[in-house]
Amino acid sequence: KAVPPPGPEKMPESKDLKQMLQPPAHLQEWPEGDGLRVLVVEDNPVNSEIFQRTLAGWGIRSEWVDSVAAALGKIDLSHAGKPAYDLVLLDYQLPETSGADFLRQLRISSCCRDLPVIMASSIPPSDWGDPVSRNFATACIMKPVWPSTLFAALADLLLEGATTTPK
């Protein structure tokens with residue numbers, strides 16, 4: 001189980017912080033990326049860099065786009081074959097449209113209907129006005145995203161097999 005970030009009332013000690021940045025003990029044996037490709041859809045370059053470096057540290061290749069339009073350019077929704085990515089890491093709040101709009105487009109396309117999507121947001125999913133995001137995102141994680149939380153979400157989706165049905 002992922003270690004939650006500390007509450008505002010207590011700053012972690014350095015040994016606690018080091019532990020929080022590690023994948024959970026039962027998930028530390030990652031299968032060297034297995035050629036996995038992740039599309040990171042995130043408008044904040046700092047968050048994107050953190051996601052990409054974290055994924056690269058686990059042997060997972062990622063590609064970053066900063067908008068839904070750019071993401072749609074990378075994923076051919078009309079293509080009937082296997083999508084170019086194994087997973088999408090999607091920001092909930094994007095400048096020109098929401099992650100929910102992109103998610104809707106993925107779920108109605110034949111190639112990406114079952115593509116796992118991890119939605120990341122600083123807004124709790126219970127406060128999202130649009131139930132589509134909660135219902136069609138494969139997993140939801142809160143920002144700031146701790147590496148152990150991202151690792152656990154990836155492990156749940158990729159090691160056990162994913163469906164678009166939330167857990």
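Which residues of the largest nonpolar core touch the most other members? The views below work towards that and take in the rest of the fold on the way; keep in mind that this is a predicted model.

**View 1. The whole protein, with its 6 helices and 5 strands.**
Let's start with the overall picture. Reading along the sequence, you meet the pattern α-β-α-β-α-β-α-β-α-β-α. Of the 167 residues in the protein, 42% are buried. The protein exposes about 8900 Å², and carbon and sulfur atoms supply 54% of that area. Take the contacts between residues at least 6 apart in sequence: 68% of them join residues at least 24 apart.

**View 2. The open sheet, in the order E2-E1-E3-E4-E5.**
Here are the 5 strands, paired in the parallel sense. At the edges stand strand E2 (61-65) and strand E5 (139-142); each has a single partner strand, so one side of each has no neighbour in the sheet. Neighbouring strands are turned against each other by 20° on average, direction ignored.

**View 3. Strand E4 and its partners E3 and E5.**
Now zoom in on a few strands. Strand E3 (residues 87-91) runs parallel to strand E4 (residues 117-121), and 4 bridges hold the pairing. Leu90 has Met119 of E4 as its bridge partner. E4 is also joined to E5 by 4 bridges, again with parallel strands. Met119 turns up here too, with Cys140 as its bridge partner in E5.

**View 4. Two helices, H2 and H4, packing on the sheet.**
Helix H2 (residues 45-57) touches strand E1 (37-41), along with E2, E3 and E4. The direction of H2 makes about 170° with that of E2. Helix H4 (residues 99-108) touches E1, E3 and E4. For H4, the direction makes about 170° with that of E4.

**View 5. Side chains alternating along strand E5.**
What happens to side chains in a regular strand? They alternate between the two faces of the sheet. In E5, Ala139 and Ile141 point to one face and are buried. Cys140 and Met142 point to the other face and are not buried.

**View 6. Asp91, a buried residue in its surroundings.**
Asp91 lies in strand E3. Is Asp91 buried or exposed? With a relative accessible area of 5%, Asp91 is buried. Its side chain makes a polar contact of 2.9 Å with the side chain of Lys143. The side chain of Asp91 also reaches the backbone nitrogen of Gln93, at 3.3 Å. Leaving aside neighbours within four places in sequence, Asp91 is in contact with several residues, including Val41, Glu42, Gly99 and Met119. Ala120 is another of those contacts; the C-alpha atoms of Asp91 and Ala120 are 5.0 Å apart, although 29 residues separate them in sequence.

**View 7. The largest nonpolar core, with 20 residues.**
Back to the opening question. Leu39, Val41, Ile75, Val88, Leu90 and Phe102 touch the most other members of this core. E1, helix H3 (68-74), E3, H4 and E4 are the elements that give two or more residues to it. H4 gives the most, with 3 residues. Take Val88 as a way in: leaving aside its neighbours within four places in sequence, Val88 is in contact with Leu39, Val41, Ile75 and Phe102, among others. Leu115, Pro116, Val117 and Ile118 are also among the contacts of Val88.

**View 8. A second, separate core of 19 residues.**
Among the members of this core are Ala139, Val145, Phe151 and Leu157. You have already met Ala139, one of the buried side chains of E5.

**View 9. Pro147, in helix H6.**
Helix H6 covers residues 147-159, and Pro147 has its place there. With a relative accessibility of 18%, Pro147 counts as buried. How far apart in space are Pro147 and Phe51, C-alpha to C-alpha? They are 8.6 Å apart, while 96 residues separate them in sequence.

How values were computed
Residues numbered from 1 in each chain as written. Predicted model: local features only at pLDDT ≥ 70, side-chain atom pairs only at ≥ 80, totals over all residues. Heavy atoms only, no water. Pairing = 2+ DSSP bridges. Axes fitted to C-alpha atoms, helices over the stretch in contact; angles between N-to-C directions. Contact = heavy atoms within 4.5 Å. Buried < 20%, exposed > 50% of the residue type's maximum accessible area, 1.4 Å probe, protein only. Areas by Shrake-Rupley, 256 points an atom, 1.4 Å probe, with all protein chains shown as cover. Polar contact = N/O pair within 3.5 Å; in protein donor to acceptor, adjacent residues only side chain to side chain. Core = buried A, V, L, I, M, F, W, Y, C linked by side-chain atoms within 4.5 Å.
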